[in-house]
Amino acid sequence: MARTDLTLGELSTRDHAFYGLVWAGTTLSALVDQALTRAHDLPLSWFEVMLWLNGQDEPVAASDLGAKTLLSRSQVSRVVDALRARGLVERAPSPVDARSVRIALTADGRRAFAEADATRRAALAEVFDDRLDEADIAALETVWAKLKQPRPQEGPAARG
């Protein structure tokens, strides 16, 4: 049976741009996830938690990780438990809130992150870095900055 060449049909430029972002995010995330899992037995969700922890000088609250990652609070908890079981993160009670724990990468966790980050970079080299020049990267940074801005709060007049 012949394969049908599917199209999205007539889309506005904005719709096409949106679905292009979805495609790029999904495709690149899957590529990185496969590379990290194959090389380090480290899913992308684990890497993302380690990425945020690696950027911190002090342990952070689990709730802060949940607010920054693309994971739910329960997913963050499961990822932290899995990373802890591998000796990559440690938990410590919060010095200011007895109900809260703070999380940090261990020395082994920082080494594992560095190795995994090198794998991530290698996986993206051909499909991202080699295809985009500095102007493309600057344009993407501008787009991300705009999309990350908080949405304006609806006022009484907007509800109408």
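This report walks through a small sheet, some salt bridges, a helix and a surface patch in the structure above. The model is a predicted one, so please read every value as computed from that prediction.

**The sheet**

Let's begin with the strands. Strands of a sheet pair through backbone hydrogen bonds, either parallel or antiparallel. Here, three strands make an open sheet in the order β1-β3-β2, and their pairing is antiparallel. Strands β1 (60-61) and β2 (89-93) stand at the edges with a single partner strand each, so one side of each has no neighbour in the sheet.

How many bridges join β1 to β3? Strand β3 covers residues 101-105, and β1 pairs with it over two bridges. In the first strand's residues, V60 has I103 of β3 as its bridge partner, while A61 has R102. On the other side, β2 and β3 pair over five bridges. One of the residues involved is A92, whose bridge partner in β3 is R102. R102 is therefore a residue to look for in the picture, as it is the bridge partner of A61 and also of A92.

**Salt bridges**

Side chains of opposite charge can pair when their charged atoms come close. A search of the whole structure finds four salt bridges. The table lists three pairs, with the distance from N to O.

| Pair | N to O distance |
|---|---|
| D81 and R91 | 2.6 Å |
| D108 and R111 | 2.2 Å |
| D117 and R121 | 3.2 Å |

What does the pair D81 and R91 tie together? D81 and R91 meet through their side chains; D81 lies in helix α4 (residues 73-85) and R91 in strand β2, so the salt bridge links parts that are 10 residues apart in sequence. D81 has a relative accessibility of 39% and counts as partly exposed. R91, with a relative accessible area of 32%, is partly exposed too.

The other two pairs in the table sit inside a helix. An α-helix has 3.6 residues a turn, so residues three or four places apart point the same way. R111 and D108 both belong to helix α5 (residues 107-129), where they are three residues apart, about one turn of the helix. R111 is partly exposed at 48% relative accessibility, and D108 is partly exposed with 42%.

R121 and D117 are four residues apart in helix α5, which again makes about one helical turn between them. Salt bridges with shared partners join D117, R120 and R121 into one network. Is D117 buried or exposed? Its relative accessible area is 12%; because buried means under 20%, D117 counts as buried.

**Helix α6**

Helix α6 offers a nice check that you can follow yourself. The helix has 15 residues (residues 134-148), and at 1.5 Å a residue it should span 21 Å. The C-alpha atoms at its ends are 21 Å apart, so the two values agree. D133 caps the N-terminal end of α6, with a side-chain oxygen 3.1 Å from the backbone nitrogen of A135.

**A nonpolar patch**

Finally, turn to the surface. Which residues form a nonpolar patch there? They are L8, F18, Y19 and V22, and together they have about 420 Å² of accessible area. V22 is found in helix α1 (residues 13-40). With 38% relative accessibility, V22 counts as partly exposed.

Terms used. Residues numbered from 1 in each chain as written. Predicted model: local features only at pLDDT ≥ 70, side-chain atom pairs only at ≥ 80, totals over all residues. Heavy atoms only, no water. Expected span 1.5 Å × (residues − 1). Polar contact = N/O pair within 3.5 Å; in protein donor to acceptor, adjacent residues only side chain to side chain. Patch = residues over 30% accessible without salt bridge, like charges linked within 9 Å, V, L, I, M, F, W, Y side chains within 5 Å. Areas by Shrake-Rupley, 256 points an atom, 1.4 Å probe, with all protein chains shown as cover. Buried < 20%, exposed > 50% of the residue type's maximum accessible area, 1.4 Å probe, protein only. Pairing = 2+ DSSP bridges.
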